[in-house]
Amino acid sequence: MELSSDRLLRGQPKPQKQSRFQFGGKSAQAGRQQKLELIRHPVMTCYRIAVISLKGGVGKTTTTTSLGATLASERQDKVIAIDANPDAGTLGRRIKRQTGATIRDLVTAIPNIRNYMDIRQYTSQDPNSGLEIVANDVDPAVSTTFDDSDYRQVIQVLGQHYPIILTDSGTGLLYSAMRGVLDLADQLIVVATPSVDGASSASTTLDWLSAHGYADLVQRSITVVSGVRETSKMIKVEDIVAHFQTRCRGVVVVPFDESLAAGAEVNLQMMRPKVRDAYFELATLVGEDIARSQQQAGWQGQQQYPPQGGYPQQQQQQYPPQQQYPGQPPQQGGYPQQGQPWQQPPQQGGYPQQGQPYPPQAPQPGYGYPPPHEAPPPGYGYPPPHQG
């Protein structure tokens, strides 16, 4: 008998009450609206988010699913998460499966895929948020056959139909598919836990990436301190936050949540309000970088997504030779000494410092997917995210 959430949970969690009152008055509401505009910033080129961690059991899959669900529900356009974990990843267990197909099946079918409906046969969609996922094989012997070439093919095909793709990666940095994950990522999210080993592993991960040609990706990265378990009172969480604030662009602390700790399907409505707010902040930080990347790409208002003839290929980095982790001393121009700040990106066209006000973002005309406040056209999505 399958060990499903219906069998193992003592009772289905109940939706959390969300406050009807906005504390902080008009300024707080205006601040939230600015964040919403960032989250909903138009995407003209496929935007790819990589969620990684050197250590297992830190909440990487939970972070991928929760962030994806937040982006999908707030943006109301197509958002997909794929499981690129070679060790029998569990992304497929975080929403109700609608198909037994896996990412291996999707790779096999790529030559015959012509449109979105062809892809939809291989995805499952959360009826609450609209997030779609592509699961991996539960048998590790099979899932390890998903390599760098397969990953790049999948991203190329999905990128023609989904403006945002999240990748739930494995715990190793040297397995084949990780090359493509890092080379193609626009945004890196490193997951740590409020513990000595969890925080140290995340910091070491940043060290290795910086020393092997990914310093720019690290500089623009976000660290999520994930409360997958109750935090020990001995841990100085504020010191963990302060450390990662010197290493990357932003830090988000996600409190412990019983519904997430159960390891069952992720449902935003079941989360504690503070946990939902944390993922909203994470989505805002992602939105800042979407705005930066789209401005940097130089896309102007009247271009559709994807542009005719496809969007330009992102310049590929030369993946470093496979060396024994954690590697050798940093290269010239690599990462700074621990505790020293990173060189911040220029403010012009960039994003503000964490905690600073966000510049207002006006959606550009010609956005390839309908803005959230507009009714989607007939046949949009499968089914449209707002339907059950």
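## Salt-bridge network

In this predicted model, salt bridges link D216, R220, D289 and R292 into a network. Within that network, D289 pairs with R292, and their closest N and O atoms are 2.7 Å apart. Both residues belong to helix α13, where a spacing of 3 residues separates D289 from R292 by about one helical turn. As a general point, an α-helix has 3.6 residues a turn, so residues three or four places apart point the same way.

Neither partner counts as exposed: D289 is buried, its relative accessible area being 0%, and R292 is buried as well, with a value of 10%. The threshold behind both assignments is a relative accessible area under 20%.

## Other salt bridges

The structure holds 13 salt bridges. One of them joins the side chains of D183 and R152, at an N to O distance of 2.8 Å. D183 is part of helix α8 (residues 176-184) and R152 is part of helix α7 (residues 148-158), so this pair ties together parts that lie 31 residues apart in sequence. The two partners fall into separate accessibility classes: D183 is buried at a relative accessible area of 2%, whereas R152, at 24% relative accessibility, is partly exposed.

A further salt bridge is formed by E288 and R249, with 3.3 Å between the closest N and O atoms. E288 sits in helix α13 (residues 273-297), while R249 sits in the loop between α11 and β8; the pair therefore ties together parts that are 39 residues apart in sequence. E288 counts as buried at 4% relative accessibility, and R249 counts as buried at 8%.

## Overall architecture

The chain has 388 residues, of which buried residues make up 52%. Its secondary structure comes to 13 helices and 8 strands. Among contacts with a separation of 6 or more, 83% are between residues 24 or more positions apart.

## The sheet and the helices packed on it

What is the order of the strands in the open sheet of 8 strands? The order is β3-β4-β2-β5-β1-β6-β7-β8, and the pairing is mixed. At the edges stand β3 (124-125) and β8, each of which pairs on one side only. Inside this order, strands β2 (residues 79-84) and β5 (residues 164-169) run parallel and are joined by 6 bridges. A84 has S169 in β5 as its bridge partner.

Helix α9 packs on the sheet, where it touches β1 (47-52) and β6 (187-192). The direction of α9 makes an angle of about 150° with that of β6. Helix α11 lies across β7 and β8, and runs at about 155° to β8.

## The buried face of helix α11

Helix α11 spans residues 237-245, and its buried residues are I240, V241, H243 and F244. Viewed down the helix axis, these buried residues fall within an arc of 160°, so they line one face of α11. The elements against which they pack are α9 (196-211), β7 (222-226) and β8 (250-254).

## The surroundings of T64

Is T64 buried or exposed? Its relative accessibility is 0%, so T64 counts as buried. T64 lies in helix α3, which covers residues 60-75. The side chain of T64 reaches the backbone oxygen of K60 at a distance of 2.9 Å.

Leaving aside residues up to four places away in sequence, T64 touches V51, A81, L91, L166 and D168. Several of these contacts can be placed on the sheet: β1 covers 47-52, while β2 covers residues 79-84 and β5 covers residues 164-169.

## The loop after helix α9

G213 lies in the loop between α9 and α10 (215-219). At 43% relative accessibility, G213 counts as partly exposed. How many residues in sequence separate G213 from D183? The two are 30 residues apart in sequence, and their C-alpha atoms are 10.0 Å apart in space. D183, the buried residue of this pair at 2% relative accessible area, is also the salt-bridge partner of R152.

Definitions and conventions: Residues are numbered from 1 along each chain as its sequence is written. This is a predicted model: local features need pLDDT of at least 70, side-chain atom pairs count only at pLDDT 80 or more; totals for chains, interfaces and linings use all residues. Side-chain values use heavy atoms; hydrogens and water are left out. Helices (H or I, at least four residues) and strands (E, at least two) are DSSP runs, numbered from the N terminus. Buried means under 20% relative accessible area, exposed over 50%, partly exposed in between (1.4 Å probe, protein chains only). A polar contact is a pair of N or O atoms within 3.5 Å; within protein, one must be able to donate a hydrogen and the other to accept it, and residues adjacent in sequence count only if both atoms are side-chain atoms. Contact means heavy atoms within 4.5 Å. The arc is that of the directions from the helix axis to the C-beta atoms. Two strands pair if DSSP finds at least two bridges between them. Axes are lines fitted to C-alpha atoms, for helices over the stretch in contact, and angles run from 0 to 180 degrees between N-to-C directions. A salt bridge is a side-chain nitrogen of Lys or Arg within 4 Å of a carboxyl oxygen of Asp or Glu.
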